[in-house]
Amino acid sequence: MKLHSLIFLIGEAGRNIRRNGLMSLAALGTVTVALTVLGGSLWTTFRLNEFARLQPERFNRIDLFLPATSDRSVADALQKRIEKLPNVKNVELVPKEEAWKLIQQQEPTLTQALETNPLPDKLEVELEDPTQVSSLAQQFRDHKAFSQVEKVVDAGEEVRTLVNFARIIKIVGGGLSIGLFVATLFIIHNTIRLTVFARRREVRIMQMVGATPGFIRLPLLLEGLFHGTIGGIIAGVLVLLCGREVSLFVTSLKSPLVGNQASLLSPAQIFVLITLMGACLGVVGSFLAIRRFVRQI
Amino acid sequence: MIEFKDVCVSYASGWQALHNLNLTVEKGEFAFIVGPTGAGKSTLLKLIYRDEKPTQGTIRVSDQNLNEMRLRDIPFLRRKIGVVYQDFGLLPNKTVYENVAFALQVIGAARSTIRKQVPHVLELVAMGHRPDSFPNQLSGGEQQRVAIARALVNDPPILLADEPTGNLDPETSMGIIQLLNHIHVRGTTVLVATHDHAIVDMMQRRVLAFERGKLVRDELVGAYRSAEFEEPRP
């Protein structure tokens, strides 16, 4: 395509947007709302998924208590044995002396009454996969296999609930996001179809005077790109502003479940993602919309 | 230049718009296509600029077989054919100059060509004095002149006019036909589909009369009606 033709087409797209101001505004508004809902939903699902994924790791540990009378060599041997088990990430020995010292610092009045250290040695077993906490804890409870272990403490039930929660969020959130993506594409496609329909006379004249389909499509695609990109930028800003407010609110709840989780995506990345999504949906939506009109050559 | 051989056009509803049409229009001819509504006049014109395809038969325009024409070649055929409609088909948000220039811009013409051609063709149709007016500021006759200028700006060898005077008063209609005749004298092949008895009778040109999709009369110098062609009696 010649440069002056390209300049004409870009100018034509700009003039069309300006001259059909009300229609452009309606299209832009619809695209913005649709993208805000989609972006907000994706962001919420993403954050929930991240939250649910991180929670089991907090309970990703089994504590094994040895008898108080047990010798240190028993704890050492057991530590080495457990380290070799599959799915075990790390085994930390907490000697009874260390634990006693800590308690003495935390509860001086309580510990003063006791003359000797009643605490046992403890092994903190960290797992690779949090879903395996219950089954591994069950193995440790088998007295024949682990006769040295007196007590096993794990967060089996909590972990199971959280893992299920994470799975549900992944499935429901994923399905919802796909559905919303399709709905957004449909809305944008329909909106742009209306703007194309409003200009069917122009398209017809272009066809009659010998414009090629590509030449007819380009300004309409540029308009779709414009509506999608600007809608995406506004939606990105709205999602970030709303997201920040929600984060501040959740943090203010001071729930033990809410930690300082570093998001995998920075606000700038979320903004760029929504804008790019808007641009892509704008182009695809307008391409689908004009295909029908331009094909009728 | 334009050749129809055994051309039929029928629709899914069973309606036959054209029936076994054989016709040749030579380069530089001026012909009227007459007949009542639904006789097949507009269909004939649409076939020439490949807005419709025949169900049967062969159509050749400027030595090109339209039956074998690929979709991507249609725009290039249309650049050789100017088309004028009854409703003018002007873009309301563009000025007279922009409407005419649009036809050149969309085929990728250079700016220098546009700057030279548009004022020239506007002068030809006697609209050179109103390049900055919008269509709603013009009379029907003036709008049709602009539409003719747009059809001509690319200097096509063929000009098709589908009821160009349908929305105009008799005096203005006569002016438009004189303009089409002037364009014909410059060497353009002109085909005009019309209901306008007075114009056809006055011009004394070739007349192709259609009735229910059939070519019932082809006279080199004819009037709207002739002794051989009469309305069917009830």
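Two strands count as paired here if DSSP finds at least two bridges between them. Keep that in mind as you click through this structure, which is a predicted model.

**Stop 1: the sheet of chain A**

Start by selecting the strands of chain A that form an open sheet of four, in the order S2-S3-S1-S4, with antiparallel pairing. At its edges you'll find S2 and S4 of chain A, each with a single partner strand, so one side of each has no neighbour in the sheet. Going from one strand to the next, the twist averages 20°.

Now zoom in on strand S1, residues 61–65 of chain A. Which of its residues sit on the covered face? Those are A:Ile62 and A:Leu64, while A:Arg61, A:Asp63 and A:Phe65 are on the uncovered face. This fits a general pattern: in a regular strand, side chains alternate between the two faces of the sheet.

Next, show the partners of S1(A). Strand S3 of chain A, residues 122–127, pairs with S1(A) in the antiparallel sense over five bridges. If you select A:Ile62, look for A:Val125, its bridge partner in S3(A). Strand S4 of chain A, residues 151–153, also pairs with S1(A) in the antiparallel sense, over three bridges. Here A:Leu64 stands opposite A:Val152, and A:Asp63 stands opposite A:Val153.

Before you leave the sheet, add helix H6 of chain A, residues 133–141. This helix lies across S1, S3 and S4 of chain A and runs at about 10° to S1(A).

**Stop 2: a loop residue in chain A**

Select A:Asn87, in the loop between helix H3 (72–83) and strand S2 (88–94) of chain A. What is the phi of A:Asn87? The value is near 70°, which is positive in a residue other than glycine. Most residues other than glycine have a negative phi. With 13 other C-beta atoms within 10 Å, A:Asn87 is partly exposed.

**Stop 3: where the chains touch**

Show both chains together. How many residues does each chain bring to the contact? Chain A gives 15 residues and chain B gives 17 residues. On the chain A side, helix H1 (3–19) and helix H8 (200–208) each supply at least two of the residues that touch chain B. That side of chain A divides into eight nonpolar, four polar and three charged residues.

**Stop 4: chain B as a whole**

Hide chain A and look over chain B, whose secondary structure comes to seven helices and 10 strands. Of the 234 residues in chain B, 44% are buried. Take the contacts in chain B between residues at least 6 apart in sequence: 65% of them join residues at least 24 apart.

**Stop 5: the sheet of chain B**

Pick out the open sheet of six strands in chain B, which has the order S6-S7-S8-S3-S9-S10 and mixed pairing. Strand S6 (81–84) and strand S10 (214–219) of chain B stand at the edges; each has a single partner strand, so one side of each is left without a neighbour in the sheet. From one strand to the next, the twist averages 15°.

Zoom in on S6(B) and strand S7 of chain B, residues 158–162: they run parallel and are joined by four bridges. To see one matched pair, select B:Val84 and its bridge partner in S7(B), B:Ala161. Then add helix H6 of chain B, residues 170–185, which packs on the sheet and touches strand S3 (30–34), S7 and strand S8 (189–194) of chain B. The direction of this H6 makes about 155° with that of S8(B).

**Stop 6: two helices and a loop in chain B**

Select helix H3 of chain B, residues 96–105, together with H4(B). They pack at an angle of about 125°, and their axes are 10 Å apart. That angle makes H3(B) oblique to H4(B). The crossing of H3(B) past H4(B) is right-handed. Among the residues making the contact are B:Val100 and B:Leu104 of H3(B) and B:Val118 and B:Val121 of H4(B). The residues of this contact of H3(B) with H4(B) comprise nine nonpolar, three polar and no charged.

For the final stop, select B:Ala126, in the loop between helix H4 (111–124) and helix H5 (140–152) of chain B. Phi of B:Ala126 is near 60°, a positive value in a residue other than glycine. B:Ala126 counts as partly exposed, with 15 C-beta neighbours inside 10 Å.

Technical notes: Residues are numbered from 1 along each chain as its sequence is written. Chains are lettered from A and ligands numbered from 1 in the order in which they are written. This is a predicted model: local features need pLDDT of at least 70, side-chain atom pairs count only at pLDDT 80 or more; totals for chains, interfaces and linings use all residues. Two residues are in contact if their C-beta atoms, placed from the backbone, lie within 7 Å. Ala, Val, Leu, Ile, Met, Phe, Trp, Tyr, Cys and Pro count as nonpolar, Asp, Glu, Lys and Arg as charged, and the others, Gly among them, as polar. A residue is buried if 20 or more other C-beta atoms lie within 10 Å of its own, exposed if 12 or fewer, and partly exposed in between; C-beta atoms are placed from the backbone. Axes are lines fitted to C-alpha atoms, for helices over the stretch in contact, and angles run from 0 to 180 degrees between N-to-C directions. Angles under 35 degrees count as roughly parallel, over 145 as roughly antiparallel, 65 to 115 as roughly perpendicular and the rest as oblique. A crossing is left-handed if the near helix is turned anticlockwise from the far one by less than a right angle, and right-handed if clockwise.
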